[in-house]
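Here is a short briefing for a reader new to this structure. Look over the sequence and the model, then go through the points topic by topic.

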Amino acid sequence: MVSQQVVFLFIVCLTWISNSFAAVTTTPYNPDMDGLINSGPGELNQPEDTDHLLESEEDEFPQKSGMYNPMHDIFPGVNDDYTKISWIHAVNSQDKLAAALKDPNIMMLEADVIIGSLKGDPKQTKLPVMGHPPATESDLSLDQFMNTISNREETIGMKLDFKSIDAFLAAQPVIRDYYGKLAVPLWLNADILKGPVNAPAVPVDANQFLNTSVHHHQDAILYLFKKLREKE
């Protein structure tokens, strides 16, 4: 049963990707950004360049970023056996990030991205931060996370798990700022399909996630899955 579900998921994901590639070759992408344009206290601030946030202008958001290199070039010691790549998951705080970067055996970091506020911020400004629902605040923003990795001499890759489409769209200007600065493996993860057994969690909007990724993150690896029921 498990293997059948995996095969089904793989086929469905390929179908989504195929449809998305067909769509972006025939129609321009113009996502609705209304959910990101708020200015009240505690609401998500609109970036100054929102009008160009997801446009395909090369000077605004280059499609070929130089951020990602093939995994076998970054980690030659694994000899194309990617099961040998060592991971650490849920790197969603300053302490966990610092500890992970001290471990010489860690090759890839996995971290969750939500819309929240930084701890200690009296204005509770909403921005992309590292955390897992139901968390609404963190001591580590996405910008701080990527900046820390970009300043390392040793190569370490990252998989960003976006817990909502709002978090993914709000993260676009942050990711863009590191294009050309961060030559490490970049994986973009989202649960775009509704899971089995009446899973109550709402999946990430598949069309927006795939269209945005295809347009602006051609160097990244997409890791797609279905939304599962949280442990009780």
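P134 is placed in the loop between β3 (127-130) and β4 (137-138). The peptide bond leading into P134 from P133 is cis, with omega near 15 degrees. Keep in mind that this is a predicted model. The points below cover the backbone, the nonpolar cores, helix α7 and the aromatic side chains.

**Backbone**

- Most peptide bonds are trans, and most residues other than glycine have a negative phi.
- The bond from P133 to P134 is cis.
- A90 has a positive phi, near 55 degrees, and is not a glycine.
- A90 sits in the loop between β1 (87-88) and α3 (94-102).
- With a relative accessible area of 27%, A90 is partly exposed.
- Q124 also has a positive phi without being a glycine; its value is near 50 degrees.
- The loop that holds Q124 runs between β2 (108-118) and β3.
- Q124 is partly exposed, at a relative accessible area of 46%.

**Nonpolar cores**

- How many residues does the largest nonpolar core have? It has 40.
- The residues with the most contacts inside this core are L109, F145, M146, M158, L160, F162 and F209.
- Helices that give two or more residues to this core are α3, α4 (142-150), α5 (165-170), α6 (172-177) and α7 (206-216). Strands β2, β5 (157-162) and β6 (186-194) do so as well.
- Which element gives the most to this core? That is β6, with five residues.
- Neighbours within four places in sequence aside, L160 is in contact with A111, V113, M130, L142 and F145. The contacts of L160 also take in L186, W187, L188 and N189.
- Another core lies apart from the largest one. It has eight residues, among them M71, F75, V78 and I85.

**Helix α7**

- Is α7 largely enclosed or largely open, and why? Ten of its eleven residues are buried, so the rest of the structure largely encloses this helix.
- Buried means under 20% relative accessible area.
- The buried residues of α7 are A206, Q208, F209, L210, N211, T212, S213, V214, H215 and H216.
- F209 of this buried set is also one of the residues with the most contacts inside the largest core.
- D205 acts at the start of α7: one of its side-chain oxygens reaches to within 3.2 Å of the backbone nitrogen of N207.

**Aromatic side chains**

- The count of aromatic pairs comes to four.
- One of them joins W87 and W187. Their rings are edge-to-face, 5.2 Å centre to centre, with 75 degrees between the planes.
- This pair links distant parts of the chain. W87 is in strand β1 and W187 is in strand β6, 100 residues apart.
- Are these two residues buried or exposed? W87 is partly exposed, with a relative accessible area of 26%. W187 counts as buried, at 14% relative accessibility.
- W87 and W187 form one aromatic cluster together with Y223.

**Charges over rings**

- K159 lies over the face of Y223, 4.7 Å from the ring centre.
- Y223 thus ties two topics together: it belongs to the cluster with W87 and W187, and its ring has K159 over it.
- The charged end of K181 sits over the ring of Y178, at 5.7 Å from the centre.

Methods:
Residues numbered from 1 in each chain as written. Predicted model: local features only at pLDDT ≥ 70, side-chain atom pairs only at ≥ 80, totals over all residues. Heavy atoms only, no water. Helix = DSSP H or I, 4+ residues; strand = E, 2+ residues; numbered from the N terminus. Buried < 20%, exposed > 50% of the residue type's maximum accessible area, 1.4 Å probe, protein only. Core = buried A, V, L, I, M, F, W, Y, C linked by side-chain atoms within 4.5 Å. Contact = heavy atoms within 4.5 Å. Polar contact = N/O pair within 3.5 Å; in protein donor to acceptor, adjacent residues only side chain to side chain. Phe/Tyr/Trp six-rings, centres within 6.5 Å; stacked < 30°, edge-to-face > 60°. Lys NZ or Arg CZ within 6 Å of the ring centre and 35° of its normal.
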